[in-house]
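Welcome, and thanks for joining this tour. Please open the viewer and keep the selection tool at hand.

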Amino acid sequence: MREITLARQLGEVALAIAIAPLFTGWIAQCRAWMQNRSAPPLLQPYRMLRKLFQKDVALATEASPLFRATPYVLFGTMVLAAAIIPSLATDLPFAQAADAIALIGLFATARVFQSLAAMDIGTAFGTMGARREMMVGFLAEPALLMVMFNAFLLYGSTALPSLVDGYAAHPALIDPSVIFAAIAFLMVLLAENARIPIDNPATHLELTMIHEAMLLEYSARHLALMEWASSLKLFNYACVGFALFFPWGIATHGVDGTGTLLLAIVALLGKLAVAGAVLALIESISAKLRLFRAPEYLAIAFLLAVLGLLVHLLLGANTHA
Amino acid sequence: MLKSHLIAQLVNLLAAGLLLISFAMLSRRRTQRLILLYAWQGAILCLSTCLVAYDAGLTELYYSAALTLILKVIGLPWILHRLIERLGAQWDREPVVNIPLTMLIGLVLVIFAFGLAQPISEMATTITRNTLGIALAVILLSFLMMITRRKAVTQVIGFLAMENGLFFAATSATYGMPMVIELGIALDVLVGVFILGIFFFQIREQFDSLDLHHLEALKED
């Protein structure tokens, strides 16, 4: 029995690693369609990764071991996060091991390493990108925590799997606080993954970069790992969103069998396809904010999440107690 | 019983939407967007009134929902839209208090409103009594918007949003006001917007702008 669950856990992680670049590619494709450009092929991110893995690394002479270790640390944390998030099933060893607060801590660890590595070489752009990333991060984190608290209050647990199980137990529950939390989560997702209102993932203008500025000094396999880690991060955020707000199809605790697992995979792919299209739509219709508007944007996300909590206390407490 | 429970949940959901729109109004700078949000607020109000009417079996509430639809979703937004186009007042100036701070104050107001409404809603018997706190919060947030904005047009939109909040409070606490009063209020609001529209032009003629701080001094120096 233990071997089977372990195998499933490994399968889930392998699937996450494998399809994360596909998700990024799908978003890029949808975006291109919506903007009337000819789209890059869906497998473009994989080709990019292959190309980068074949190249030789060019390192700055001042690079410290931290700079070289960071891509591996980043990739490792994102893989661990993918193991914690119940994207396919809730009854998995890693998913039980850490709760959502630990997950946020994991994301924070990755951010700290990435920022330190960006400052390591000492170029102006890397330092600037790191500072901006920290600014966005420290504003986005409380908002994300508040979103999580919304879900915790609703189902009385801080572990993501039991949230999904709790949802499966009362599927008909519409709690008004969920709308607030979902909007706040979407805003945080866009900000944390360097998407458009805060940062432009496709930018080539150094002065407006946040995420890309931190990668400027990386090359070859290091860059490939960083890119892969950032697409895994987006995938992870999407899966957290599914677990919190749309946990349909995820194989719940006690429900066993290959059929449910296959169904879970199909459901995940379907949800990712829709989510990618929605993200691309949002990015196509909104303009990038000035950096000094970013605190306002994230303050709004935070407030929405807090409002969700308040609304839950006022309305939700009476309706399903 | 189950149906009534579902309707209560839907009304709660709509109430949450109303609160969301009030916050969106606080955070917007463009006047056109504000009008769109105002129209949405009216639409949500109309829907929730219909739901309450269906649940309570009151025909008058359907009339007032229809009145809301005609006046607040179509009529007033259209008038305001035309006014803004004629006045060329697409943007509000930077508000008196900056937007994140306004939102924080709004949050405090929401907590205050919820606390205030708690004992009142415990006495009410309607299915929607929980939403009284939200209605109160919408009223206070509209007040806040009127206080923090500088332009006359945005203040008028704040005033109209406040009226929406009052209407929602009336439906949620007592299944609506008597029809005569409702008609009277609707007419008042309509006439009020007409008169204020005339005022806009007068203010602009006098001061070359719609900024209301010009009205604060009694004499020109």
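Before the first stop, one convention: an axis here is a line fitted to C-alpha atoms, for helices over the stretch in contact, and angles run from 0 to 180 degrees between N-to-C directions. Please also keep in mind that this is a predicted model.

**Stop 1: α10 and α11 of chain A**

Start by selecting helix α10 (220-245) of chain A, then add helix α11 (residues 258-285) of chain A. At what angle do α10(A) and α11(A) pack? The angle is about 110°, and the two axes are 11 Å apart. Angles of 65 to 115 degrees count as roughly perpendicular, and α10(A) and α11(A) are therefore roughly perpendicular to each other.

Now show the side chains where these helices meet. On the α10(A) side, pick A:Leu234, A:Phe235, A:Ala238, A:Cys239 and A:Phe242. Their partners in α11(A) are A:Leu268, A:Lys271, A:Leu272, A:Ala275 and A:Leu279. Sorted by class, this contact of α10(A) with α11(A) has nine nonpolar residues, no polar ones and one charged residue.

**Stop 2: α1 against α10 in chain A**

Keep α10(A) on screen and add α1 (2-34) of chain A. The axes of α1(A) and α10(A) come within 8 Å and cross at roughly 90°. That crossing makes α1(A) roughly perpendicular to α10(A). From α1(A), the contact is made by A:Ala16, A:Ile17, A:Ile19, A:Ala20, A:Pro21, A:Phe23, A:Thr24 and A:Ile27. From α10(A), select A:Trp228, A:Ser231, A:Leu232, A:Leu234, A:Phe235 and A:Ala238. The contact of α1(A) with α10(A) has 12 nonpolar, two polar and no charged residues.

**Stop 3: two alanines with positive phi**

Go to A:Ala220, which lies in helix α10 of chain A. Phi of A:Ala220 is near 45°, a positive value in a residue other than glycine. Is A:Ala220 buried or exposed? A:Ala220 counts as buried because its relative accessibility is 3%, and the cut-off for buried is under 20%.

Next, click on A:Ala194, in the loop between α8 (177-192) and α9 (211-215) of chain A. A:Ala194 is not a glycine either, yet it has a positive phi of about 55°. With a relative accessible area of 9%, A:Ala194 is buried.

**Stop 4: helix α7 of chain A**

Select residues 160-169 of chain A to bring up helix α7. Which of its residues are buried? They are A:Leu160, A:Pro161, A:Leu163, A:Val164, A:Gly166 and A:Tyr167. To see what covers them, add α4 (93-97), α5 (100-120), α6 (124-155) and α10 (220-245) of chain A, which are among the covering elements.

**Stop 5: the pockets**

Rolling a probe the size of a water molecule over the atoms shows where empty space is left.

The largest pocket has a volume of about 1,600 Å³. Center the view on A:Met187, A:Ser286, A:Tyr297, B:Arg28 and B:Arg33, which of its 29 lining residues lie nearest its centre. Helices α8, α11 and α12 (294-320) of chain A and α1 and α2 (31-56) of chain B each supply at least two residues of this lining. The largest share, five residues, comes from α1(B). The lining of the largest pocket divides into 21 nonpolar, two polar and six charged residues.

The second largest pocket holds about 1,200 Å³ of space. Among its 45 lining residues, A:Thr24, A:Met48, A:Pro201, A:Glu212 and A:Glu227 lie nearest its centre. Here α10(A) returns, giving the most to the lining with nine residues. By class, that lining has 26 nonpolar, 10 polar and nine charged residues.

**Stop 6: an enclosed space in chain B**

How many cavities of 30 Å³ or more does a search of the whole structure find? There are four, and about 110 Å³ of space lies in the largest cavity. Select B:Ser64, B:Leu67, B:Lys72, B:Glu163, B:Phe167 and B:Ile185 to see residues that are among its lining. Of the helices around it, α3(B) gives the most, with five residues. The lining of the largest cavity has seven nonpolar, two polar and three charged residues.

**Last stop: B:Asn12**

Finish at B:Asn12, in helix α1 (residues 2-27) of chain B. At 3% relative accessibility, B:Asn12 counts as buried.

Key:
Residues numbered from 1 in each chain as written. Chains lettered and ligands numbered in written order. Predicted model: local features only at pLDDT ≥ 70, side-chain atom pairs only at ≥ 80, totals over all residues. Heavy atoms only, no water. Buried < 20%, exposed > 50% of the residue type's maximum accessible area, 1.4 Å probe, protein only. Helix = DSSP H or I, 4+ residues; strand = E, 2+ residues; numbered from the N terminus. Contact = heavy atoms within 4.5 Å. Parallel < 35°, antiparallel > 145°, perpendicular 65-115°, else oblique. Nonpolar A, V, L, I, M, F, W, Y, C, P; charged D, E, K, R; others polar. 1 Å grid on protein atoms, 1.4 Å probe; cavity = no way out; pocket = protein on both sides within 12 Å on 5 of 7 lines; lining within 4 Å. Points joined across faces, edges and corners; volume = space filled by probe spheres on them.
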